[in-house]
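Biologist: I'm new to this one, so could you pick out a single part and take me through it slowly? I'd like to hear how the pieces there sit against each other.

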Amino acid sequence: MASRQWRGRVGDAALVISTGAATLLVLVILAILVIDVVRGGSARLSWGFLTKAPTEGMTAGGVFPAIFGTVAMVILMTIAVVPAGVATAIYLHEYADRQAPLTRIIRIAVNNLAGVPSIVFGLFGLGFFIQFLGGGIDKLFFGGNKVLGQPALIWASLTMAVLTLPVVIVATEESLRTVPRELREASLALGATKFQTVLNVVLPQATPGILTGTILAISRGAGEVAPILFTGAAYYLPHLPWHPNNQFMHLGYHVYVLATQSPDVDAAKPILYSTVLVLLAVTFVLNLSAFVVRSRMRHRFAGASA
Amino acid sequence: MSTAAAADNARPKLTVKDLSVFYGQKKALGPVSMEIAEKRVTALIGPSGCGKSTFLRSLNRMNELIPACRMEGSVQLDDQPIYGPGTDAVMVRRRIGMVFQRSNPFPKSIFENVAYGLRIGGMGNGSDLSGRVERALRQAALWEEVKDRLTESALGMSGGQQQRLCIARALAVEPEVLLMDEPASALDPIATAHIEELINELSDGYTVVIVTHNMQQAARVSDYTAFFYMGDLVEVANTQVLFTKPSQSRTEDYITGRFG
Amino acid sequence: MSKIGAMGSTGREHTNREYEQELRRLREQILLMGAKVEESIISSIRALTERDTALAERTIAMDRQINQMEIDIDGLCLQVLARRQPVASDLRFITMALKLVTDLERIGDLGVNICERVVELNQEPPLKPYVDLPVMAEETQRMLHDALDAFVASDAEHAHRVIERDATIDAYYSQIFRELLTYMMEDVRNIYRATRLQSIAKYLERIGDHATNLAEMVVFMVKGQDIRHAGKLSNANSHS
């Protein structure tokens, strides 16, 4: 009897120690990463770095075009993915018949979409958006001239939208699920249609979750490089992408290029570190804001289901 | 000791004929036929699972929200069927309101909660709207307590107040019938007493149907009581008669506590 | 359904055992009180026919127990009302029990009254052979007994038959009263004893009325029909 108690206590201690060690490991790795990047990148970090274009074969200057390109791409991606994702989630959760085969097919498709490797999205973007859609539009409207049938900001954004679609759908559905059934019933019992209920009761309460999902999608979109490799990113452009059929520079792609294709790797290293620092900072800020938004709005709606 | 059941001239507001409700293959209720008297309080009692809540929700087409729910028979409001081609669930629910077991105010302000039904009915801001909101809150005996904090969140109210708010919200659209599904079961005795008093006052202007598992509450509050058991309507009678001299032995056994 | 403890019109028992026990005890107490009251009537008439003053005095003393039982049973009823909120047949039973014991206690008091008259009479030589009074007394006591039987058995038909016999008691009373009147008119020295005997007859007649009340209560308890004051109600159809 006493040995069983003793064994229980040893088990407890072992669990605490092992989980604590794992946590510590994660923190250490993160710390090493961050410290290394900060050390290497803070030297070149300056206002000028953030607002100037790169010069002298990427060994000097700044990364402003890459920042601009990334932001432009992300904005277009968001405009594309949020309505589509939210609408899909609303359809799946509020309107679709749970047992119907079509609903199940849609769900399976969404789940599988989330697991597709991002490079495959890039190929999809190339084949479908650029060659098929872009090429088709070119044939129809531009008499065969290559206007849209080539890598462009718009196609890269749409490709990223497809990539991040599952994230938005799932996050939206999760937050729709948290809206208690009683609230929907109350609205319907007052003579509201389903649409009015979704618009006036469900969506307002699901907004924090939807926002969170959107921000997570954005942060993933800002960081993914593979899908934009052949759909619109460019190494160096003399101008900013003011038209949707322009190519653009991108922070993540810029890092890849600096690390592997720079003519003078050593000279480019400081810029590389700084670019990584900027990229990490952007991602970090986005994730943090998602967290803040979610906790602020959860606080506001506290007690809604009491 | 003779039952002073007045020759009640109340006409039927709702007429239910051979109503049966099925969930998939399983029959949950019926067939049930009864009349609900106008501007009276009718209580539905019976043990858990006897079908009284299912019956209540059939009266305002809320059962349709449950997939695989099928119904037979008819329900008529003032001689107009509420099911069938040419009927509209939304219109039915505007005339037959509902208050639920656990209060479910929207996470909006007190004013917006009460105004919700009116807004979705198309009413815009204005004196009409605020007038209706005030009247509903007065009817729910809540106006004096909240008139200075209409813009505050409804979630900050106590349980009893929230339930009265839900009643005000239902009353704001001026339904003809008010269905209440165990409205006081989650409340403490004092809040319950307030709700019961409210029901008494409401029966002057509304037809009230209330489901309750508390027999004493049914005895206190209702004019007519219907006893359901295992999906059947066993007996419906004037409340005083049912609680002093029920005609069915199953009713007698249930209300005296003789269930084995 | 004539065993003590088969409560309610359906013969089933309460889910709550304690409640069932309380009702059972109530019934037992009522029957006990009824038995004592019956005994009081029998003893008082025997004290008359056998000129046994000591018995009369013992009977008077026993009334204390009957009074105490009224108080005890009232207390029990109050307890059940407060704790159990009875409805339907239980409610009818409790409310009738309260009134039943009142009638029983009055019968007990009437028995005491009879004994007091007996004590006075026994101090004088008997006026006449007591023939009718003992018969009337026995009939009255049997009415009471049958009413209590109907109560135990929840038998409304039996109770109805008791109600019908009240006419007989009233007839006895009229007859005895007139007979004693003639005795009084014959000789003024008979007045003292004759009036005492008339009083006893009156008391017995009132006991008959109380027994009828009991029977009417049993009918209400069993059937939910209030049959009191038959033929003596105003016809005002004033209902709310």
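Modeller: Let's look at helix 6 (residues 166-186) and helix 7 (residues 191-223) of chain C, bearing in mind that this is a predicted model. Their axes come within 9 Å and cross at roughly 175 degrees. An angle over 145 degrees counts as roughly antiparallel, and that is therefore how helix 6 of chain C and helix 7 of chain C lie to each other. On the helix 6 side of chain C, the residues making the contact include Ile169(C), Tyr173(C), Ile176(C), Phe177(C), Leu180(C) and Met184(C). Facing them from helix 7 of chain C are, among others, Ile191(C), Ala194(C), Leu197(C), Ala201(C) and Gly208(C). Why would the names be spaced out like that? An α-helix has 3.6 residues a turn, so residues three or four places apart point the same way. Sorted by class, this contact has 11 nonpolar, 3 polar and 4 charged residues.

Now for a helix in another chain. Helix 8 of chain A has 30 residues, yet its end C-alpha atoms are only 38 Å apart, whereas a straight helix would reach 44 Å at 1.5 Å a residue. There is a bend of about 50 degrees in helix 8 of chain A at Thr207(A), with a proline, Pro208(A), following within four residues.

Chain A also touches chain B, in a contact that takes 17 residues from chain A and 21 residues from chain B. Helix 7 (181-189) and helix 8 (194-223) of chain A each give two or more residues to chain A's side, and helix 7 of chain A gives the most, with 6 residues. By class, that side of chain A divides into 9 nonpolar, 6 polar and 2 charged residues.

Key: Residues are numbered from 1 along each chain as its sequence is written. Chains are lettered from A and ligands numbered from 1 in the order in which they are written. This is a predicted model: local features need pLDDT of at least 70, side-chain atom pairs count only at pLDDT 80 or more; totals for chains, interfaces and linings use all residues. Axes are lines fitted to C-alpha atoms, for helices over the stretch in contact, and angles run from 0 to 180 degrees between N-to-C directions. Angles under 35 degrees count as roughly parallel, over 145 as roughly antiparallel, 65 to 115 as roughly perpendicular and the rest as oblique. Two residues are in contact if their C-beta atoms, placed from the backbone, lie within 7 Å. Ala, Val, Leu, Ile, Met, Phe, Trp, Tyr, Cys and Pro count as nonpolar, Asp, Glu, Lys and Arg as charged, and the others, Gly among them, as polar. The expected span of a helix is 1.5 Å times one less than its number of residues. The bend at a residue is the angle between axes fitted to the seven residues ending there and the seven starting there.
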